[in-house]
2 protein chains.
Amino acid sequence: MRLVDGEPADTISADDRGLGYGDGLFETIRFVAGAAPLWPRHMQRLAHGCERLRLPLPDPESLEREARLVCEGMTGAVVRITLTRGVGERGYAMPASPRCTRIVASFPMPSMAATAYVDGIRLHLCETHLAEQPKLAGLKHLNRLEQVLARAEWNDPAIAEGLLCDMHGRAISAVSANLFAVIDGVAMTPSLERCGVAGVACAEVLAALPQAQVRDLPLDECLRASELFLTSSVRGILPVQAVGDNVYGPGPVTRAMQAHWADLGFPMEQA
Amino acid sequence: MRLVDGEPADTISADDRGLGYGDGLFETIRFVAGAAPLWPRHMQRLAHGCERLRLPLPDPESLEREARLVCEGMTGAVVRITLTRGVGERGYAMPASPRCTRIVASFPMPSMAATAYVDGIRLHLCETHLAEQPKLAGLKHLNRLEQVLARAEWNDPAIAEGLLCDMHGRAISAVSANLFAVIDGVAMTPSLERCGVAGVACAEVLAALPQAQVRDLPLDECLRASELFLTSSVRGILPVQAVGDNVYGPGPVTRAMQAHWADLGFPMEQA
C-alpha cells in the first residue's frame with residue numbers, strides 16, 4: 001500500500017523535483033508486527049537531513065500514522081518514506097515556498113538466507129569508489145547512482161553485498177549497509193564526514209557499544225580485522241564471512257550485537 | 001505538453017527508479033520554431049550516457065517525433081527528455097530486463113535580460129565544490145543535488161549563475177552551463193574527466209574552435225582570463241561580466257561564438 005501526501009496513490013507528478021534532480025531524502029524502516037523499534041532514530045535522521053537540504057520537515061505524527069497504516073496487517077514490512085522538494089519550475093533554484101511531496105509505502109521484507117545470520121555473507125570488493133562530498137555526506141538522499149553502479153558490479157547470487165571505499169582507499173560502507181570492523185578487540189566504523197550514509201542501525205550499534213570508535217579506516221587495516229559485520233535497519237546485523245579472498249568468522253562483538261538486535265524486537269531471520 | 005512513454009500524461013509511477021535513486025539521464029533541448037540545431041549532439045550524448053549507465057537507448061526516431069509533437073506551435077521552447085531505468089523492485093540492483101520510462105515535455109524558454117548577451121552576466125563564486133566521480137563525470141544524469149545546493153547559495157536576482165570548482169580548486173563549470181576562459185588568446189574549457197556535465201553547447205563550441213584546449217584550469221588562472229563565457233544548450237553563449245569582484249568584458253572569442261550561435265539558427269535574445 002502507498003500513500004502520496006496522505007492519500008492512496010500509485011503515481012507522482014512528472015514535474016516532481018525528486019524525479020528531476022533527486023532533490024529529496026528517504027528512509028527505509030523495518031516494522032515487525034506493527035512496531036518499528038528504530039522509529040525515533042529514523043525521524044531524527046530525517047529531521048537532520050531536512051535541515052541540511054532546507055526541506056520542510058513533515059509533521060512526525062502524520063508520518064507515523066501513515067507508516068502504520070501502509071503496513072497494517074503485515075507481520076514483517078519495510079516502510080519507505082520518500083520526501084521530495086515537490087513540484088517546481090524547471091531549473092535548479094529551490095522554490096521559495098516548496099510544497100514537499102511525501103510518499104509512504106510498504107514493501108515485503110527482503111528474503112535472506114537464514115544462514116546469512118549464522119555463518120555470514122560474502123562481499124564483493126567494489127571497483128566503484130564513493131565520491132567525497134561533505135555537503136551531502138551522511139544524508140540518505142535520493143542521489144544514488146553510485147550505489148546503482150556499485151551493485152551492478154556483480155551478479156553472483158552467493159555474494160550478498162559489496163564493500164565500498166572512497167577515492168583515497170578508505171573503507172566506507174557496504175552498498176546498502178554500514179560497516180563495523182573489530183580490530184584488537186575494539187569495534188570501529190568508518191567516519192562518514194566525506195561520503196556514505198549515516199545509518200540508523202549504525203547509530204544504534206554505536207549507542208550500544210560506547211567504546212566503539214568512529215574514524216578513518218584504510219582498506220588494508222579493515223581487511224585485517226578479526227571480525228567484520230554490516231548493520232542495516234532492514235536486515236539487522238550481518239556477519240561478514242568473506243571480502244573477496246579474505247575470510248572471517250562471526251566473533252563475539254558480532255554475536256553481542258545480534259543479541260542486542262533480538263532484544264530490540266527484531267527477529268534475526270526472515271522467510 | 002508532456003508524453004510519458006509516448007502517451008499524454010502528467011504523472012509517473014511512484015516506484016520509478018528515476019525518483020527512487022535518480023537512476024536515469026536527461027537532456028534539455030532548445031527548439032526554435034520547430035527546429036533543434038543541436039539535436040544530433042543531444043542524441044549522441046544520450047546514447048553515450050545510456051551506454052555508461054547500461055540503459056537501453058530509446059528509438060531515436062520516436063524521440064524526435066515526440067519532441068516535435070510536444071513543442072508544436074511554440075516559437076521557442078525547451079524540450080526536456082528524461083530517461084529512467086523505469087519501475088523496479090526496491091533495492092539498488094538493476095532489473096535484469098529494465099523497461100525504461102521516457103518522459104518528453106516542453107517548457108517555455110526561460111526569460112533572460114537582453115543585456116545579458118550584450119554586457120554579460122554576473123557569477124557568484126560557489127562555496128559548494130563538485131565531488132570527483134569519474135564513473136559519472138560528464139553525464140547529464142538525474143543526481144543533481146550538488147547543483148541544487150550550489151544554486152541555493154545566492155538569491156540576488158542580479159546574479160545569473162554560479163562558478164563551481166572541484167574539491168581541488170579547479171574551475172569546472174557554471175551551475176547549469178559550461179565555462180570557457182580565453183587566456184593569452186587561446187580558448188580553454190575545463191576537463192570534465194572527474195566531475196561536471198559534458199555540455200552539448202560546449203561540444204559545439206569545441207567543434208567551432210579547433211584550436212581550443214580542454215585541460216585542468218585552476219581557479220586563479222581562470223579568474224585571470226581576458227574573457228570568460230558560458231555555454232548552454234538553452235541559453236546559448238553568455239559573456240561573463242563578473243565573478244565576484246573580478247570583472248571582464250565580452251571579447252572577440254565570445255562575440256565570434258555568439259555569431260556562430262546566430263548562424264546555427266538561435267536568436268540571441270528571448271522575451
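Me: Which domains does the domain assignment of chain A give?
Reply: The assignment gives domain 1 (2-108) and domain 2 (115-264), with bounds from an automatic or database domain assignment. This is a predicted model: local features need pLDDT of at least 70, side-chain atom pairs count only at pLDDT 80 or more, and totals for chains, interfaces and linings use all residues. Residues are numbered from 1 along each chain as its sequence is written, while chains are lettered from A and ligands numbered from 1 in the order in which they are written.

Me: How many residues of domain 1 of chain A are in contact with domain 2 of chain A?
Reply: 18 residues of domain 1 are in contact with 13 residues of domain 2 of chain A, contact meaning that C-beta atoms, placed from the backbone, lie within 7 Å.

Me: Which element supplies the largest share on the domain 1 side?
Reply: Strand 4 of chain A does, with 7 residues. Strands (E, at least two residues) and helices (H or I, at least four) are DSSP runs, numbered from the N terminus.

Me: Now the chains. What turn lays chain A on chain B?
Reply: A turn of 180° with a shift of 0.0 Å along the axis, at an RMSD of 0.0 Å; the superposition is by least squares on the C-alpha atoms of residues with pLDDT of at least 70 in both. That is the relation of a two-fold axis.

Me: And how many residues of chain A are in contact with chain B?
Reply: 45 residues of chain A are in contact with 45 of chain B. Helix 5 of chain A gives the most to the chain A side, with 6 residues.

Me: In which sense do strand 3 of chain A and strand 3 of chain B pair?
Reply: They pair in the antiparallel sense over 3 bridges, where pairing requires that DSSP finds at least two bridges. A:Ile12 stands opposite B:Ile12.

How values were computed
Two residues are in contact if their C-beta atoms, placed from the backbone, lie within 7 Å.
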